[in-house]
Every structure is written in structure tokens, then in C-alpha cells.
Amino acid sequence: MVERSSKFLLIVVGSVCFMLILYQYVAPGVINFGSPHGYFTEEDEGDIFPTPDPHYVKKYYFPVRDLERTIDFQIKGEDVIVFLHIQKTGGTTFGRHLVQNVRLEVPCDCRPGQKKCTCYRPNRKETWLFSRFSTGWSCGLHADWTELTNCVPGVLNKKENKQKNLRKFYYITLLRDPVSRYLSEWRHVQRGATWKTSLHMCDGRTPTPEELPSCYEGSDWSGCTLQQFMDCPYNLANNRQVRMLADLSLVGCYNMSTVPEKKRAQLLLESAKKNLRDMAFFGLTEYQRKTQFLFERTFRLRFIRPFMQYNSTRAAGVDLDNGTIQRIEELNELDMELYDYARDLFQQRYQYTRQQERRLQRIKSHMQQSHQGLGLGVSLWPSHGRQSSVSTLEDGELEREEREEGGRAEEAGSRLPTEDYMNQIINRWCEETKGGEEEEGRMLQVVARGRAVRATSTLGT
């Protein structure tokens, strides 16, 4: 009798847990990440982000303008974040973070049972976020770069009943390892997903059935084997990330006869790289904490709770032989090259941003020690209206900083700097930045004032 009651209780508990998980997936407002009880302090946040790998070998050269990502995001102005959600890249979880987990003056209103949240600006009822969980699939299901860039302005004008030409759109997205993403999409399609309501709008029209044939007959492709999934030449899962990030107008949209196949692939890949590089932000599914860090530093917004890294996925549970993996890589050759490029840019941005923060913190610490007891303050953080002057540091200096990131203890904090030593610090920093003469004059004036105060105090005694 007791054993039967235990089994019944276990079934009930399991059913409740399953319904909660399912309900949360459908309606993002059921479990509120935005609870004030989940805050982590700024003192703790440095511990949650991994230290950059000092032995990381760069594969591509990126100038500072591609590494520097600090945006003056005006949530009370006309700025809009647009989330390009590529299938099976962790976009659903990240989308919920955007509406539930960002620390805002006026949080998004996510109500149980509703698929969308209301994300208004603090000063008026206009949205600052264009995403699945805020505006819905307003430009079509999983709209790509070509669709969003042509659709978003008009949709927002219609929603807000006004014509605006001053909006700034900041596009963001997530990428994932192509093999894992491909397998995850196959498992999703195997369970009945089709995305057949996607519009695929390009140059003002949708593709014809001849341009975009279907891989299956009937309502869906549920139960398809991996071999069947790989054998369909029209499968949009192949190189999905490149296609969704590229400007399809460059290759005649879905008309394969416009451009030769080899030339088409090259144009799509280069376009996807450029669009990704020019985006305000992109993250990688495999690096959740680094993704969180770069988003926060890019938009100067903070998440309430840290991102979690889940390595156990449906794709990870698929046992494959080397031949099958090689076949998937061949089908996603463009995605493989794009991801390799994106991962290197992502890692370099992370290293660069961490080094910039560490450098500024050291200079700020030296300045505070130098002016201790004098009541003088120096702000080394850039204002919202201009780009940080430190962003123009030379590559040689960056490489020196990378070696320091390897865990070497900071030596400067072990002694109090003299004024001459402070001058050397300021001179070196100013010479390595844009507008060095202006910054140097400002900081040396501060040090001179400190000397004058000390001299006066000495004469007075």
C-alpha cells in the first residue's frame, strides 16, 4: 500500500514539473527572472566571468574598431535592440533573458499565460526591444537579416502609429557550433517542427515552390532519420547560419540560377561575415558567461542573474561515427567557416574588453591613492557621449596585457606611487590613446593641484 502511494505521488510530482517546464517555454512570464531577490552585486560579478586564456592564438586580424563595442544605448530615446533569432542556437533562453533578466528602471511586464511581454521605455509606451518575446514574430517566423532590415522600421511605425526616421537599430544574434546546431534542428524536426510559416521574404516577394522545394510530403517531417535529413538537397538546415545572416539580395534571393554556385557561396559567406562583424553584439551558445559579459559591456545594461552553461543537450546525446560527422560538416561548410571566424572575433573581443577594464581599474586605483586625503576625484570611465579614448591602444600593448592576464599578480598595488611615478603612468597612458595631449593636460593639472595643496600644507606647518 505504501509502495503504491509512493509511486502515485512520484507520478503527480513528475507531471507537475513537466507542466511547469512546458508552460514556461510557451509563456515567458510564468517564472520571473526579474525578481529583486536574485540580484548579484557588482563586487561578485568579476568572479563569475572566466579569465581570458593567455595562450589563446589569434587566427584573424581585427582592427580595434571591430573589437571595441561600447554603445550609447538610449532606452529613453529612439534606440531599439533587434534580436535575430536563428533556430537552435539557444535563442529562446537568451530571448527570455532579455525580457525577464535585465535590470531596468521599468522592467518588461511578463504576465503568466501570455506569449509576449510588454517592454516599454521608462518615459513612454514605446518598445525598446524587437524580439520574439516582446513584439512576437512581427516580420515572420525566425526572420533573417534580409527580412528584418527591410521590415522592422515599418512594423514599429505601424505599431506606434507614427513615422520615425531617427531610430537607431542595434542588431544582435547568437551563433552555435554548426554540427551541434544541425543535429539539434534534426531532432526538433523529427518531433514535428516545420517552420513552414516562415515567409523568407526577399526583394519584396516570397520564393516560389520551384525556388524552394519542400523536403517532405504531408503536414510535417516527423520521424525522419538523420540520413533522410542529410539527403534532402533543399534542406534549409544546411548552412542556415550563413544564409540567415547574409544579404540574400546579393545573390538573387532563392533563385539559384542567378549566380553560379561557387560564386554564390563566396558572396553569402563574405556578406554574413560582414553583417556579423558590424552587428552591435553577437554571442556564442558555447560561451554563456562570456556572452553575458560582452552584452553587458556593449549596452551598459546588467543582468539580474548570471547565465548558466548547459552542456547536456539533445544534440549532445546523439552517437555518431566519424563519417557522419564529416558529412554534416561538408553540408555545413559555409557555417563551419563562419563559426570559426565568429569564435575568433568573439574571443578577441572578450580579451580586449577585459584588458580595457583591467587597465582602467589600475589607473583609477593609482589616481585614488595619489590623491588620498586631498578630496580630489578623477573619473577615468568614458562618458556616454563619446567612445573610450583607450580604444586606440597599440597591438603591442595589448599583447603585453594578454601575458599579464595569465594570472600574474599585480605588483603596482604593493606600493604607494610617488608623484613622479604617477606622472610616468599618466604620460604613458595618454601617449597611447587618441587625444593624448588633451587628456595629459587634464590629468597633469589634477596632479599639479595635488602638489600645490601639499606644498601649502607643508608651509602652513
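Which hand, left or right, describes the crossing of α10 and α12? In this predicted model, the crossing of these two helices is left-handed. Helix α10, spanning residues 288-299, packs with helix α12, spanning residues 333-370, at an angle of about 60 degrees, and their axes lie 10 Å apart. Because angles from 65 to 115 degrees count as roughly perpendicular and those under 35 as roughly parallel, α10 and α12 are oblique to each other. On the α10 side, the contact is formed by Lys290, Thr291, Phe293, Leu294 and Arg297, which meet Phe346, Gln347, Arg349, Tyr350, Thr353, Arg354 and Glu357 of α12. The residues of this contact of α10 with α12 comprise five charged, four nonpolar and three polar.

Strand β6, covering residues 281-284, pairs in the parallel sense with strand β5, covering residues 168-175, over four bridges. One residue pair in this arrangement is Thr173 with Phe282, the latter being the bridge partner in β6. Phe282 points from β6 to one side together with Leu284, whereas Phe281 and Gly283 point the other way, and all of these residues are buried.

Outside these elements, Glu330 is placed in helix α11, which covers residues 322-331. Glu330 has a relative accessible area of 45% and is therefore partly exposed, since that class falls between the buried limit of 20% and the exposed limit of 50%. Although Glu330 and Asn239 are 91 residues apart along the chain, their C-alpha atoms are separated by 9.7 Å.

Conventions
Residues numbered from 1 in each chain as written. Predicted model: local features only at pLDDT ≥ 70, side-chain atom pairs only at ≥ 80, totals over all residues. Heavy atoms only, no water. Axes fitted to C-alpha atoms, helices over the stretch in contact; angles between N-to-C directions. Parallel < 35°, antiparallel > 145°, perpendicular 65-115°, else oblique. Left-handed = near helix turned anticlockwise from the far one by under 90°. Contact = heavy atoms within 4.5 Å. Nonpolar A, V, L, I, M, F, W, Y, C, P; charged D, E, K, R; others polar. Buried < 20%, exposed > 50% of the residue type's maximum accessible area, 1.4 Å probe, protein only. Pairing = 2+ DSSP bridges.
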